[in-house]
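Visitor: Hi, could you walk me through this one? I'd like to go piece by piece.
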Amino acid sequence: MKGMGIGAVLISETRQHYTVTAQLRFYCTNNMAEYEACILGLRLSIDMGVQEVLVMGDSDLLVHQTQGKWETRDLKLISYRQYLHELCQRFQSIEFKHILRIHNEVADALATLVSMLHHPNKAYVEPLQIQVRDQHTYCNVVEEELDGEPWFHDIKEYIRMGVYPIQATGDQKRAIRRLASGFFLSGGVLYKRTPNLGLLRCIDARHATSIMTEFCSKQVERDFKTHYQIPESVK
């Protein structure tokens with residue numbers, strides 16, 4: 001198969017995840033791809049100065065051949081096996097362990113993703129960033145503005161007084177005028193017009209944080225009451 005994607009995930013003792021992917025632009029079998037992925041992960045480990053490695057893969061053949069339990073009879077895999085053995089000598093400690101495919105879903109997902117990408121040979125692909133969140137998006141705290149002014153300050157001042165920031169360039173002034181057309185000022189309160197002619201009140205980070213904190217606390221209380229039966233004596 002040509003254009004197959006491979007991926008590996010390096011997990012540190014502190015649970016930091018480092019991912020690496022590659023697209024194989026040559027004809028290869030599934031077993032060759034398994035070796036390519038393993039070598040890709042080991043080379044990443046070497047580049048990062050890792051000395052002790054536990055390799056976990058879902059390929060029975062690769063793990064057992066590397067452990068010496070199975071012979072390597074396929075001519076296409078002999079060179080891979082030899083090179084993998086040389087890489088293993090670069091570590092103070094290395095162990096191979098077979099896991100079920102369902103437990104290797106991150107690496108499989110990376111391989112599937114990269115196999116779908118089509119880009120020129122010299123194209124640079126930005127590193128893939130994966131975030132793991134332990135709470136709902138609406139519970140994320142809004143960051144405070146660095147200059148102490150709300151994000152809509154320049155728009156509001158332009159609508160109210162027709163003035164621009166002192167250091168504003170020509171392009172920035174045009175951007176403010178364009179943005180201002182989508183807002184409405186009433187009684188000192190700025191509103192954002194919506195496509196259905198509705199109005200959304202603009203608030204600063206401090207008020208946004210207060211509202212989100214109150215909303216999250218009420219949401220947690222509702223979720224708790226939904227999942228647990230609270231005795232009347234406790235209410």
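Guide: Sure, and keep in mind that this is a predicted model. Let's start with an open sheet of three strands, ordered β5-β6-β7 and paired antiparallel.

Visitor: Which strands stand at the edges of that sheet?
Guide: β5 (183-186) and β7 (199-201) do. Each has a single partner strand, so one side of each has no neighbour in the sheet.

Visitor: And how much is the twist from one strand to the next?
Guide: The average is 35 degrees.

Visitor: How many bridges join β5 to β6?
Guide: Four, with β6 covering residues 189-193 and the two strands running antiparallel. Among the pairs, F183 has K192 in β6 as its bridge partner, and S186 stands opposite V189 in β6.

Visitor: What about the turn in that hairpin, how many residues are between the strands?
Guide: Two residues. G187 in this hairpin takes a positive phi near 60 degrees.

Visitor: OK, helices now. Which helix packs on the sheet?
Guide: Helix α5, residues 153-161, packs there and touches β5 and β6. The direction of α5 makes about 60 degrees with that of β5.

Visitor: And at what angle do α5 and α6 pack?
Guide: About 80 degrees, with the axes 9 Å apart; α6 is residues 170-180. An angle of 65 to 115 degrees counts as roughly perpendicular, so that is how α5 and α6 stand to each other.

Visitor: Which residues meet there?
Guide: From α5 you have D154, I155, Y158 and I159, and they meet I176, R177, L179 and A180 of α6. The residues of this contact divide into six nonpolar, two charged and no polar.

Visitor: Why would residues three or four places apart point the same way in a helix?
Guide: Because an α-helix has 3.6 residues a turn.

Visitor: Switching topic: how far does α1 reach?
Guide: α1 (residues 30-47) has 18 residues and spans 26 Å from its first C-alpha to its last. That is close to the 26 Å expected at 1.5 Å a residue.

Visitor: Which of the α1 residues are buried?
Guide: The list is M32, A33, Y35, E36, A37, C38, I39, G41, L42, L44, S45 and I46.

Visitor: What covers them?
Guide: The cover for the buried residues of α1 includes four strands by name, β1 (4-11), β2 (17-24), β3 (52-57) and β4 (93-98), along with helices α2 (60-66) and α3 (75-88).

Visitor: Last one: which residue takes a positive phi just after α1?
Guide: G49 does, at about 75 degrees.

Conventions
Residues numbered from 1 in each chain as written. Predicted model: local features only at pLDDT ≥ 70, side-chain atom pairs only at ≥ 80, totals over all residues. Heavy atoms only, no water. Pairing = 2+ DSSP bridges. Axes fitted to C-alpha atoms, helices over the stretch in contact; angles between N-to-C directions. Contact = heavy atoms within 4.5 Å. Parallel < 35°, antiparallel > 145°, perpendicular 65-115°, else oblique. Nonpolar A, V, L, I, M, F, W, Y, C, P; charged D, E, K, R; others polar. Expected span 1.5 Å × (residues − 1). Buried < 20%, exposed > 50% of the residue type's maximum accessible area, 1.4 Å probe, protein only.
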